[in-house]
Amino acid sequence: MAKLERMRAHQDLIDFGNRILNEARTELYIHLRFMARALDSLGYTMDLATQSMGTDARTIHYNPNFVFALFLESPQKLDRLYLHILLHCIFRHMFSSDQYEDPVLWDLAADIQVESVLDSMDYDIINRPAYPFREEWYERLRSECRVLSAERIYHYFHLNKPDLDTLQQLTLEFHKCDHQFWKRMEDQKGGGQPEIPEDLLDDASTPPGAPQPPDANAGDPDADGSADPNADAQDAQDPDHPTPPSNAPDAGTPDTPPVAEPDPAAPPKNGTGALAQVDESALDEQWKDTAERLQTELTTFGAEASDETGRRPTSATFLRS
């Protein structure tokens, strides 16, 4: 009887979590209809191995406690996080992450690219205040990297290693989702890092007049000014700044059954999951095709919106990275 009750409670968590994520996806459908193909591509998997949310480009892995807390705090923040995760797929960050020897810098570079795109999109559903620390780093990176692609940002940081304090502040500012589901270099045999662009080699040293980013707390009433790597579990589930979790499942939830290993032969059970049964190489191509189609749809949508409202057309340049 107790086992049956635990199974029902487990299913209730899945149903409620999926319902909340479907609500976020519907909001994004309504406001960003040019993203429909991409929004249809990911399913949902409740996963206690993560303390927040993340994706392997097939499904969104989520911790129900994190999703519930973030939704109660601000549905808008959940909408933005959902789109943050989706942009990682559109830029295919998880497919190229195994090419870079420093996963911390790669994760940071990928998050900065995605957040810079979100900050450039003029939609109330994903708007957030622009704090000086973030804006100063955008200015500096655009000056040094020319284009804010994850690859160029990574090479910049690889050539200009940030000190530990700066790295922690940047991670606290830009890290939003769990990247444990991405490929890593240590999981692969052979290979090596892509070559560093020549213009970044020429600019390897910071010019004397380059702007110096201010303290991370400047203008941000929610920031605590530090990123303690040994923060307790409550801090780790802060919806605004989730701490990157370990790969081990949470042993502190005895009443919740562990998540079973997915059956590769089974159809996707949660969300739409249009890509759930596609192999890795085909999955990469599918997202590449989705990004190309999105660029066309975004250009068309922007032109239509401009004709209807007289506003500046929506830009598709963020997809050219």
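**Salt bridges and the packing of helix 7 against helix 9**

At 5% relative accessibility, Glu 173 falls under the 20% limit and therefore counts as buried. In this predicted model, the side chain of Glu 173 forms a salt bridge with that of Arg 134, with an N to O distance of 2.7 Å. The two residues belong to distant parts of the chain, Glu 173 to helix 9 and Arg 134 to helix 7, 39 residues apart. Arg 134 is likewise buried, its relative accessible area being 0%. Through shared partners, salt bridges join both residues with Arg 80, Glu 115, Asp 119 and Arg 128 in one network.

The axes of helix 7 (residues 132-145) and helix 9 (residues 164-174) come within 11 Å and cross at roughly 105°; the two helices are therefore roughly perpendicular to each other. Helix 7 contributes Phe 133, Arg 134, Trp 137 and Tyr 138 to the contact, and helix 9 contributes Thr 166, Gln 169, Leu 170, Glu 173 and Phe 174. By class, 5 of these residues are nonpolar, 2 polar and 2 charged.

The structure holds 13 salt bridges. One of them pairs Asp 284 with Arg 92, the closest N and O atoms lying 2.6 Å apart. Asp 284 is part of helix 12 (residues 280-309) and Arg 92 of the loop between helix 4 and helix 5, so this pair ties together parts 192 residues apart in sequence. Arg 92 counts as partly exposed, at 25% relative accessibility. A further salt bridge joins the side chains of Asp 102 and Lys 161 (3.8 Å, N to O). Asp 102 lies in the loop between helix 5 and helix 6 and Lys 161 in the loop between helix 8 and helix 9, so parts 59 residues apart in sequence are tied together.

Terms used:
Residues are numbered from 1 along each chain as its sequence is written. This is a predicted model: local features need pLDDT of at least 70, side-chain atom pairs count only at pLDDT 80 or more; totals for chains, interfaces and linings use all residues. Side-chain values use heavy atoms; hydrogens and water are left out. Axes are lines fitted to C-alpha atoms, for helices over the stretch in contact, and angles run from 0 to 180 degrees between N-to-C directions. Helices (H or I, at least four residues) and strands (E, at least two) are DSSP runs, numbered from the N terminus. Angles under 35 degrees count as roughly parallel, over 145 as roughly antiparallel, 65 to 115 as roughly perpendicular and the rest as oblique. Contact means heavy atoms within 4.5 Å. Ala, Val, Leu, Ile, Met, Phe, Trp, Tyr, Cys and Pro count as nonpolar, Asp, Glu, Lys and Arg as charged, and the others, Gly among them, as polar. A salt bridge is a side-chain nitrogen of Lys or Arg within 4 Å of a carboxyl oxygen of Asp or Glu. Buried means under 20% relative accessible area, exposed over 50%, partly exposed in between (1.4 Å probe, protein chains only).
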